[in-house]
Amino acid sequence: MPSLKYPRRALALLATAQLIIALDATIIFVALHDMGRALQINAQQLQWVVSAYTVAFGGSLLLGGRAADLIGRRRFYRLGMLLFALASLLGAWAPDATLLILARAAQGIGAALLFPATLALINTLYAEGPARNRALAIWSMASAVGLALGTLLGGVLTQAFGWPAVLAVIVPLATACAVAAGAWLPADGPRARGRSFDLAGCIAVTLGGSLLVTTLVQGPEWGWAAPATLGCLLLSALLLVVFVWIERRSRDPLMQFALLRLPGLRAALGLTFAFMSSYGVQYYFMALYFQDGYGWSPLQAGLAFLPATAVCTVGIRLAEWTLRRWRARTVLVVGQLAGALGIAWVAAMLPHGAYFWPLLPGVVVLSIGQGMTWTSMWIVAGQGVPAAQQGVASGMAATAQQIGGALGLAVLVMVANAGAGPAGSPGALAGLVRAEYGAALFALLGVVIALGLRVAPPDRAARGCLANDA
């Protein structure tokens, strides 16, 4: 295990990386209203300002994790930060919807290089057990702060400087982290020779997943029985089958199926999917309801998410405490169940007046659950994974997370738009409430997955297969 010359500074850099990724995922929500008006973006296109990031992120994570394992985790931390900064700058200058969506996709690729490198560094620099749990708790706090604080900061920046500021603010922070990583993170070892990244597999899974999400997004406009919809669904399925075929025959597969024999990682794939399609997307619908239904300004809408930030950090500390006394399975069940109940409470209270107080009990419950779930699911994802595979394993779990966010948002936007009228109309507001209830159902899916969790060391077959790549 590499030694750390600056342990606190190193952990601060790793936590800041997660803060930036989470911040960028939600800072855009409160600015969407102004973006749509300024760039003449309709409701269907507006979703792609969010989904372009998550689809590119999810599609490139396996490549990012594999490359970090083979080339170096510090190198990819710095490369991801620099790409993130450049894409944010281009997005702030975007004059139309097309360039804005492309910049968001580039941000997603930067995040895909950064995330698995960051998580793999934590899982290799800190020993499994209390030390790693503590590091992951701090990393999780940064994520929770980013997710909830993003809406507040988005409101402040949008109201004070306009929507481009929500992208421009990332540039100096990401650039500073890229520079500091050269001094504060341990140097990478020699590069692995004679190894490949399985580019064919990366292209197949990225195109297949992206096409599937695109079809779900466009299905309501095209019609579910339309030839274009059915053709795209068939093509996406074929691409994903091709990906599996490539991986089973590749000398250096992008996704090693032997890792799926690890019960913790296998469960983490479902848990991260359910987490992002419930906790991750409910901010989108709440932010729109606050502005379209309550008539709040971007700043008011952002301030409404401030309590969630504080309460979520309490949930993370609670997770750290309970994981010393309970099994991870129990903590995850409690966390996901709290999410389902809290989100459902918010959905029930949204139509009852333009006041925040009726929502607060639900916000408190779901935010505690969010903190408990986030920390626990990443601890489970890294358990039993060999050090040489931590990057790709992190990429696999994060891929499920981002695809869950993209697919969850696509499905719930479809639910919200079914029979809805123009923004702010009674039909549109009722659709946003339906979508919140849908997010609660996704959280219940997480409860079911957590109940089946069985964490154990890798079996002999998995050890033997994984050892060949160490």
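**Exercise 1. Find out how many aromatic pairs this predicted model holds, then work out how the rings of Phe275 and Trp374 are arranged.**

Solution.
Step 1: Searching the whole structure, which is a predicted model, turns up 17 aromatic pairs.

Step 2: Now pick the right descriptors. A pair of aromatic rings is described by the distance of the centres and the angle of the planes.

Step 3: For Phe275 and Trp374, the ring centres are 5.2 Å apart and the planes make an angle of 50°. Planes under 30 degrees apart would count as stacked and those over 60 as edge-to-face, so the label left over is tilted. Tilted is indeed how the Phe275–Trp374 pair is classed.

Step 4: Place the two rings on the fold. Phe275 belongs to helix α10 (residues 263-292) and Trp374 to helix α14 (residues 360-382), so their pairing ties together parts that are 99 residues apart in sequence. Both Phe275 and Trp374 are buried.

Step 5: Widen the view. Phe275 and Trp374 belong to a cluster linked by ring pairs, which also includes Tyr53, Phe57, Phe84, Phe115, Trp139, Tyr279 and Trp378.

**Exercise 2. Is Gln370 buried or exposed, and which residues does Gln370 touch?**

Solution.
Step 1: Locate Gln370: this residue sits in helix α14.

Step 2: Check the accessibility. Buried means under 20% relative accessible area, and Gln370, at 2%, therefore counts as buried.

Step 3: List the contacts. Setting aside residues up to four places away in sequence, Gln370 touches Leu147, Phe275, Tyr279, Tyr283 and Cys312. Two of these names should ring a bell: Phe275 and Tyr279 are also in the aromatic cluster.

**Exercise 3. Describe how α10 and α13 pack, from geometry down to residue classes.**

Solution.
Step 1: Start with the axes. α10 and helix α13 (residues 328-349) pack at an angle of about 25°, their axes being 11 Å apart. That makes α10 roughly parallel to α13, because angles under 35 degrees fall in that class.

Step 2: Add the hand, which is left-handed for this crossing.

Step 3: Name the residues. On the α10 side the contact uses Leu271, Ala274, Phe275, Ser278, Tyr279, Gln282 and Met286, and on the α13 side Leu332, Gly335, Gln336, Ala338, Gly339, Ile343 and Val346.

Step 4: Sort by class. The contact of α10 with α13 has 9 nonpolar and 5 polar residues, with no charged ones.

**Exercise 4. Do the same for α4 and α15: what is their angle, and what is the hand of their crossing?**

Solution.
Step 1: Helix α4 (residues 97-125) packs on helix α15 (residues 390-417) at about 130°, with 8 Å between the axes. The two helices are therefore oblique to each other.

Step 2: The crossing of α4 and α15 is right-handed.

Step 3: Phe115, Pro116, Leu119, Ala120, Asn123 and Thr124 of α4 meet Gln390, Gly391, Ser394, Gly395, Ala398 and Gln401 of α15. The tally for α4 with α15 is 5 nonpolar, 7 polar and no charged residues.

**Exercise 5. Which residues make the contact between α1 and α3, and how do they divide by class?**

Solution.
Step 1: Helix α1 (residues 7-39) and helix α3 (residues 73-92) pack at about 35°, axes 12 Å apart, in a left-handed crossing.

Step 2: From α1 come Leu13, Leu14, Ala17, Ile20, Ile21 and Asp24, and from α3 Tyr77, Met81 and Phe84. That gives 8 nonpolar, no polar and 1 charged residue.

**Exercise 6. Work out the surroundings of two valines, Val331 and Val433.**

Solution.
Step 1: Val331 is in helix α13, and Val331 is buried, at 0% relative accessible area. Beyond its neighbours within four places in sequence, Val331 is in contact with Thr322, Leu323, Trp326, Met372 and Ser376.

Step 2: Val433 is in helix α16 (residues 426-451) and, at 11% relative accessibility, counts as buried. With residues up to four places away left out, Val433 touches Tyr289, Ala347, Leu350 and Pro351.

Step 3: Look at Pro351 again. Pro351 is 82 residues from Val433 in sequence, yet their C-alpha atoms are 8.0 Å apart.

Conventions: Residues numbered from 1 in each chain as written. Predicted model: local features only at pLDDT ≥ 70, side-chain atom pairs only at ≥ 80, totals over all residues. Heavy atoms only, no water. Axes fitted to C-alpha atoms, helices over the stretch in contact; angles between N-to-C directions. Helix = DSSP H or I, 4+ residues; strand = E, 2+ residues; numbered from the N terminus. Left-handed = near helix turned anticlockwise from the far one by under 90°. Contact = heavy atoms within 4.5 Å. Nonpolar A, V, L, I, M, F, W, Y, C, P; charged D, E, K, R; others polar. Parallel < 35°, antiparallel > 145°, perpendicular 65-115°, else oblique. Phe/Tyr/Trp six-rings, centres within 6.5 Å; stacked < 30°, edge-to-face > 60°. Buried < 20%, exposed > 50% of the residue type's maximum accessible area, 1.4 Å probe, protein only.
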